Amino acid sequence: MNHRFERVAIVGAGLVGAGWAIVFARAGQSVSIYDAQYAARASVLDWIADSLSDMERSGLVRDVPAIMARITISDSLEDAVSEADYIQESVFERVDVKRAISQAIGAAMRADAIVGSSSSGIPASEFTSDVAKRERFIIAHPVNPPHLIPLVEIVPAPWTDPSIAPVLRDFMESAGQKPIVLSREIEGFVLNRLQGALLNEAWALFDAGIASAADIDRSVSDGLGMRWSFMGPFETIDLNAPGGVTDYAERLGQLYHSIAMERQHPERWSPELITRVAAERRDALPLEDLASRCGWRDRMLMALTAHRTMTNGDAGA
Ligand SMILES: NC(=O)c1ccc[n+]([C@@H]2O[C@H](COP(=O)([O-])OP(=O)(O)OC[C@H]3O[C@@H](n4cnc5c(N)ncnc54)[C@H](O)[C@@H]3O)[C@@H](O)[C@H]2O)c1
């Protein structure tokens with residue numbers, strides 16, 4: 001399928017929508033942004049300009065004014081989407097809200113436009129079944145913030161036109177993102193299922209008093225995460241035994257099976273457990289410092305992206 005991606009609409013300009021605007025404007029698309037809240041429409045350009053300035057200081061973008069010039073704010077959904085080739089929906093993660101906005105987008109969009117939803121885990125079939133042009137809707141799930149972490153999960157609904165996923169994958173790639181395509185819907189997609197497995201184990205280890213939250217975090221930030229920033233779990237184990245993945249599975253398959261058997265009846269994250277983890281976290285980082293710590297995280301991501309680009313280790317952006 002030949003599809004142009006010159007005009008992009010962003011619907012929902014919170015954390016994720018604003019990040020998407022940077023992704024597409026940086027790649028040369030003209031971007032129109034719509035948010036239902038006036039306050040979000042009024043402030044998003046300042047947030048984008050600040051983020052781009054930070055990125056420029058890290059050497060990740062050049063010519064911020066040219067990027068900003070490609071972004072406009074629309075006062076109505078129709079203005080934002082009616083001429084768009086691609087629409088990235090990033091409203092609240094609630095089925096009723098996603099369904100209502102998808103219906104409105106379906107009514108206002110061109111028949112040949114494509115709509116990607118940023119949904120973190122709700123499959124498109126749960127909110128597009130009765131939407132006009134539902135075959136043009138698909139999930140395009142980013143990682144926050146999308147302008148600094150390139151992964152995008154593309155997940156078709158059963159009725160999504162099968163030609164859309166490969167076209168969207170190419171487009172995301174050309175915009176500097178790193179897409180993966182799932183063959184079918186599954187709750188949590190790939191990324192949050194992997195993250196969920198790690199999180200569930202982290203809560204369980206903390207609950208059992210095996211280690212503090214800080215030390216469990218450290219096992220990732222100063223251990224596993226060092227490799228994970230440029231290679232995944234399969235490549236990691238392939239390189240961790242002289243005979244590769246087969247050898248690794250022979251040596252350690254029994255250990256991992258035994259651990260999995262221990263966790264056959266996972267507990268919910270109980271309020272009492274959450275309170276204990278939160279107490280440790282708030283000691284380490286008072287709530288009023290959360291926003292500045294997010295700024296630190298973003299600067300670390302920029303430095304990491306600059307490093308990956310320079311070494312072209314090709315996880316590279
Ligand atoms: N925050 C994350 O870490 C993250 C990561 C990946 C994906 N996502 C997904 O991206 C989506 C947006 O998340 P977020 O973190 O940006 O949320 P957010 O609360 O920061 O922003 C949502 C924005 O959508 C707007 N909105 C709500 N209803 C609307 C409507 N009907 N029309 C237009 N605008 C509307 C709100 O005014 C708000 O500005 C969700 O589906 C979320 O699950 C979030």
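**Exercise 1. Determine where A69 lies in the predicted model, and whether A69 is buried or exposed.**

Solution. Begin with the secondary structure, which places A69 in helix α3, a helix that covers residues 64-69. Next, take the relative accessible area of A69, which is 65%; because exposed means over 50%, A69 counts as exposed. Finally, consider a residue distant in sequence: A69 and E6 are 63 residues apart along the chain, and their C-alpha atoms are separated by 14 Å.

**Exercise 2. Work out which element holds R41, whether R41 is buried or exposed, and which residues R41 touches.**

Solution. The first step assigns R41 to helix α2, which runs over residues 38-57. The second step uses the relative accessible area of 15%; since buried means under 20%, R41 is classed as buried. The third step lists the contacts, leaving aside residues up to four places away in sequence: R41 touches Y34, D35 and A36, and also I73, S74 and D75.

**Exercise 3. Describe the setting of L205: its element, its accessibility, its contacts and its separation from D35.**

Solution. L205 is part of helix α7, whose bounds are residues 191-207. With a relative accessibility of 27%, L205 counts as partly exposed, because that class lies between the buried limit of 20% and the exposed limit of 50%. When residues up to four places away in sequence are set aside, L205 touches I210, A211, I216 and R263. As for D35, which is among the residues that R41 touches, D35 and L205 are 170 residues apart in sequence and 41 Å apart in space, taken from C-alpha to C-alpha.

**Exercise 4. Examine the backbone at D63, at F189 and at the bond between N144 and P145.**

Solution. As a point of reference, most residues other than glycine have a negative phi, and most peptide bonds are trans. D63, by contrast, has a positive phi, near 55°, and is placed in the loop between α2 and α3, where its relative accessibility of 46% makes it partly exposed. The phi of F189 is likewise positive, near 55°; F189 belongs to the loop between β8 (178-181) and α7, yet its relative accessibility is 0%, so F189 counts as buried. The peptide bond that joins N144 and P145 is cis, with omega about -5°, and P145 sits in the loop between β6 (137-142) and β7 (151-156).

**Exercise 5. Assess the overall form of the chain from its radius of gyration, its dimensions and its domains.**

Solution. For 317 residues, a compact globule would have a radius of gyration near 20 Å, and the chain has 21 Å, so the two agree. The C-alpha trace spans about 55 × 45 × 40 Å along its principal axes, and the secondary structure comprises twelve helices and eight strands. The division gives domain 1 (7-181) and domain 2 (191-284), with 32 Å between their centres, taken over C-alpha atoms. Of the contacts with a separation of 6 or more, 69% join residues 24 or more positions apart.

**Exercise 6. State how burial, exposed area and charge are distributed in the chain.**

Solution. Buried residues make up 38% of the 317 residues. The chain exposes about 17,200 Å², of which carbon and sulfur atoms supply 56%. For charge, there are 30 positive and 43 negative side chains, and the centres of the two sets lie 2 Å apart.

Key:
Residues are numbered from 1 along each chain as its sequence is written. This is a predicted model: local features need pLDDT of at least 70, side-chain atom pairs count only at pLDDT 80 or more; totals for chains, interfaces and linings use all residues. Side-chain values use heavy atoms; hydrogens and water are left out. Helices (H or I, at least four residues) and strands (E, at least two) are DSSP runs, numbered from the N terminus. The radius of gyration is taken over C-alpha atoms; the globule rule is 2.2 Å times the number of residues to the power 0.38. Buried means under 20% relative accessible area, exposed over 50%, partly exposed in between (1.4 Å probe, protein chains only). Contact means heavy atoms within 4.5 Å. Accessible areas come from the Shrake-Rupley method with a 1.4 Å probe; for residues, only the protein chains shown count as cover. Lys and Arg count as positive and Asp and Glu as negative; His and the chain ends are not counted. The place of a charge is taken as NZ of Lys, CZ of Arg, CG of Asp or CD of Glu. Domain bounds come from an automatic or database domain assignment.
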